[in-house]
Amino acid sequence: HDISPLFMAGFGGGGGGAKAKKGKKTSSSLKPKAQWDRYYDLKKYTIVPVAVRVEGSGDEEWLEVGRIKSEEDAFTEIAIARQKALIAEHSRRLYPLKVLAKDRVEWAYYKTNDNDDDENDGEWIALSKDAGKGELPDGIDKKIGFEGKADPKTGFYCHYNAGRLVDRSDEAMVKAKQ
């Protein structure tokens with residue numbers, strides 16, 4: 001009795017499958033919830049807005065995606081470099097028609113001018129290609145955090161105060177005034 005190979009294909013077979021590449025060290029992937037929690041644990045440090053734009057699109061507009069914080073405000077570029085995947089994934093959720101899954105993006109952070117108290121007086125600084133490469137401080141993943149901008153359409157990162165949709169930092173400011 002002959003069994004056709006067609007009937008043996010599919011689930012559970014011992015097929016070759018993809019083999020893991022040896023010798024290549026992969027960086028640990030950061031989990032959104034953990035980075036979000038760390039963002040809030042870094043309460044006393046500066047909020048730094050982060051954005052993306054699609055490479056080669058001809059559009060120079062930076063699309064703000066969220067905010068990062070780092071311990072002692074010392075690891076801004078490393079924080080973005082280590083969390084690139086989270087930031088890019090969140091940008092695709094926030095801007096599904098502007099940032100497609102196949103698009104290559106570049107990252108930036110907003111730096112305010114030191115000579116002014118106006119936080120809108122600053123510029124987007126593109127992340128350098130070398131950021132996050134080389135020797136990193138011990139435990140760096142616990143010294144950085146990311147919070148994505150709220151997306152009311154999907155509910156990702158949404159916060160409510162008195163039944164109204166608010167930005168988490170706005171909610172904190174309201175509580176501070178009380």
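In this predicted model, helix α2, covering residues 32–41, lies across strands β2 and β5. Its direction makes an angle of about 105° with β5. A second helix, α4 (residues 84–94), also packs over strands: α4 lies across β1, β2, β3 and β5, and it runs at about 150° to β2.

The strands under discussion belong to an open sheet of five, lined up in the order β4-β3-β1-β2-β5 with antiparallel pairing. At the edges sit β4 (122–126) and β5 (144–148), each of which pairs on one side only. Going from strand to neighbouring strand, the average turn is 35°, direction ignored. Strands of a sheet are held in register by backbone hydrogen bonds, and the pairing can be parallel or antiparallel.

Now for the individual pairs, starting at the β5 edge. Strand β2, spanning residues 63–70, is joined to β5 by five bridges, with the two running antiparallel. One spot to look at here is G66, whose bridge partner in β5 is G148.

Further along, β1 (48–54) pairs with β3 in the antiparallel sense, again through five bridges. Here V54 stands opposite V105 of β3. Strand β3, made up of residues 105–112, also connects to the edge strand β4: five bridges join β3 and β4, and they run antiparallel. In this pair, K111 has E123 of β4 as its bridge partner.

Notes. Residues are numbered from 1 along each chain as its sequence is written. This is a predicted model: local features need pLDDT of at least 70, side-chain atom pairs count only at pLDDT 80 or more; totals for chains, interfaces and linings use all residues. Side-chain values use heavy atoms; hydrogens and water are left out. Two strands pair if DSSP finds at least two bridges between them. Helices (H or I, at least four residues) and strands (E, at least two) are DSSP runs, numbered from the N terminus. Axes are lines fitted to C-alpha atoms, for helices over the stretch in contact, and angles run from 0 to 180 degrees between N-to-C directions. Contact means heavy atoms within 4.5 Å.
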